[in-house]
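Here's a quick briefing to read alongside the model. Have the sequence and the 3D view open as you go.

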Amino acid sequence: ALLRKYDIVSLQPMNEPTLQNICEFLSPAVTISSEMTRSSPQSPQIDMIVLEYATGSRGGYGLPFRTRKDYVIKALEAGVTFELC
């Protein structure tokens, strides 16, 4: 019963254009109180973006694609967190 109260929506982009599209649909988070933030009603409810660090673009460890600073900033401003796995 406790787990039904929590929903986390995460997306795992597999290439840079997909990450760009995800970040472009996000809007900045709205501060409700000093401890809580929420995305504005018209933005998609995405909680986390998962980036798989173990599948580097050259066969070794690293991100599978380049991550632009603008994308990361836009996602963070919308209250989205990143998970590296």
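Helices here are DSSP runs of H or I with at least four residues, strands are runs of E with at least two, and both are numbered from the N terminus. With that in hand, Asn-15 is easy to place: look in the loop between β1 and α1. Keep in mind that this is a predicted model.

**The overall layout**
- The protein has 2 helices and 5 strands.
- Starting at the N terminus, the elements come in the order β-α-β-β-β-α-β.
- The protein has 85 residues, and 25% of them count as buried.
- Take the contacts in the protein with a separation of 6 or more: 62% of them are between residues 24 or more positions apart.

**Helix α1 and its buried side**
- Helix α1 covers residues 16-24, and its buried residues are Leu-19, Ile-22 and Cys-23.
- Those three sit on the same side of α1, because they cover an arc of only 95 degrees around the axis.
- What do the buried residues of α1 pack against? Their partners are β1 (10-11), β4 (48-51) and α2 (69-77).

**How α1 meets α2**
- Two packed helices are described by the angle between their axes and the distance between the axes.
- For α1 and α2, the packing angle is about 35 degrees and the axes are 9 Å apart.
- The two helices, α1 and α2, make a left-handed crossing.
- On the α1 side, the contact uses Glu-16, Leu-19, Gln-20, Cys-23 and Glu-24, while α2 brings in Tyr-71, Lys-74 and Ala-75.
- Sorted by type, the residues of this α1 with α2 contact are 4 nonpolar, 1 polar and 3 charged.

**Two residues of α2**
- Tyr-71 is part of helix α2. Tyr-71 counts as buried because its relative accessible area is 8%, and the cut-off is under 20%.
- Leaving aside residues up to four places away in sequence, Tyr-71 touches Glu-16, Leu-19, Gln-20 and Cys-23.
- Tyr-71 and Leu-26 are 45 residues apart in sequence, and their C-alpha atoms are 10.0 Å apart in space.
- Glu-77 also belongs to helix α2. Is Glu-77 buried or partly exposed? Glu-77 has 48% relative accessibility, so it counts as partly exposed.
- Leu-26 turns up again here: Glu-77 and Leu-26 are 51 residues apart in sequence and 8.8 Å apart in space, C-alpha to C-alpha.

**Back to Asn-15**
- With 34% relative accessibility, Asn-15 counts as partly exposed.
- Asn-15 and Thr-67 are 52 positions apart in sequence, yet the C-alpha to C-alpha distance is 9.4 Å.

**The cysteines**
- A disulfide is a covalent bond between the sulfur atoms of two cysteines.
- How many disulfides does the model have? The count is 0 disulfides, going by a cut-off of 2.5 Å between cysteine sulfur atoms.
- Cys-23 counts as buried because its relative accessibility is 1%.
- Cys-85 has 46% relative accessibility, so it counts as partly exposed.
- Cys-23 also appears in the helix story above, as one of the α1 residues in the contact with α2.

Conventions. Residues numbered from 1 in each chain as written. Predicted model: local features only at pLDDT ≥ 70, side-chain atom pairs only at ≥ 80, totals over all residues. Heavy atoms only, no water. Buried < 20%, exposed > 50% of the residue type's maximum accessible area, 1.4 Å probe, protein only. Arc of directions from axis to C-beta. Contact = heavy atoms within 4.5 Å. Axes fitted to C-alpha atoms, helices over the stretch in contact; angles between N-to-C directions. Left-handed = near helix turned anticlockwise from the far one by under 90°. Nonpolar A, V, L, I, M, F, W, Y, C, P; charged D, E, K, R; others polar.
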